[in-house]
Amino acid sequence: VGPPYRVYFNSNRGADGSQSGSSVNHWHFQTFPLQGHRLPPLQRLEHETVDERDGVSVRRAAAWPARHVVLEASKGRLEALAHQLWSRFRRLNALNVAYNLEVVEVEDAGLRAYLFPRRPAPDLEIPGAGSWSANFGGWELSGDIVVPTSGILEWLRAHGRDAVRLTDARLRDTTFALDEAG
């Protein structure tokens with residue numbers, strides 16, 4: 001799946017209380033249409049390479065608040081990318097934590113996989129607006145955000161700087177760095 005769609009994988013809930021956007025404890029894929037074929041914010045950022053192994057770049061976007069690892073490989077190195085991705089899945093599954101994955105086609109290059117290991121966080125109370133759960137999925141991690149209630153949406157619209165700070169903190173607090181260099 002590629003343009004005009006985005007595809008995500010949400011794992012089950014972790015034994016540690018981490019959540020990945022599932023309403024019940026199961027693994028699932030989600031497919032969403034791209035909005036006007038523009039790249040999501042995370043994909044527009046500069047990604048620094050922190051390791052390169054077997055033709056697969058291990059990267060991250062330092063400016064992105066959600067902790068993540070990005071694996072990228074050319075079309076000729078997709079098998080190596082799959083092996084490195086599965087190695088990380090095995091580590092996450094052994095830890096029994098939730099995680100999210102987005103895989104995108106990189107124009108003329110191959111594939112890029114964004115992996116977000118999840119960690120538990122309490123619900124966040126927005127004064128006068130409601131409770132914001134830590135249970136959200138890949139869509140929120142990679143550039144767009146689903147707001148659970150109209151009350152929270154109105155609060156976010158009315159409190160621009162606080163909304164950015166809160167959203168960044170929510171993404172940072174609900175993810176962890178599985179690895180920095182593969």
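**View 1. Buried and exposed residues of helix H4.** Helix H4 spans residues 150-158 of this predicted model, where helices (H or I, at least four residues) and strands (E, at least two) are DSSP runs, numbered from the N terminus. Ile152, Trp155 and Leu156 of H4 are buried, buried meaning under 20% relative accessible area, exposed over 50% and partly exposed in between (1.4 Å probe, protein chains only). These three lie on the same side of H4 because they cover an arc of only 100° around the axis; the arc is that of the directions from the helix axis to the C-beta atoms. Ser150, Arg157 and Ala158 are exposed on the face turned away from the buried side of H4. The cover over the buried residues includes strand S8 (124-126), strand S9 (130-132) and helix H5 (160-173), by contact, that is, heavy atoms within 4.5 Å.

**View 2. The hairpin of strands S3 and S4.** Strand S3 (residues 48-53) pairs with strand S4 (residues 56-60) in the antiparallel sense over five bridges; pairing requires that DSSP find at least two bridges between two strands. Glu52 is placed opposite Ser57 in S4. Two residues separate the strands of this hairpin, in which Asp54 takes a positive phi near 55°.

**View 3. Surroundings of Asn10.** Asn10 belongs to strand S1 (residues 5-10) and counts as buried because its relative accessibility is 0%. A polar atom of the Asn10 side chain lies 2.8 Å from the backbone oxygen of Ser20.

**Notes.** Residues are numbered from 1 along each chain as its sequence is written, and side-chain values use heavy atoms, with hydrogens and water left out. In this predicted model, local features need pLDDT of at least 70 and side-chain atom pairs count only at pLDDT 80 or more, whereas totals for chains, interfaces and linings use all residues.

Key: A polar contact is a pair of N or O atoms within 3.5 Å; within protein, one must be able to donate a hydrogen and the other to accept it, and residues adjacent in sequence count only if both atoms are side-chain atoms.
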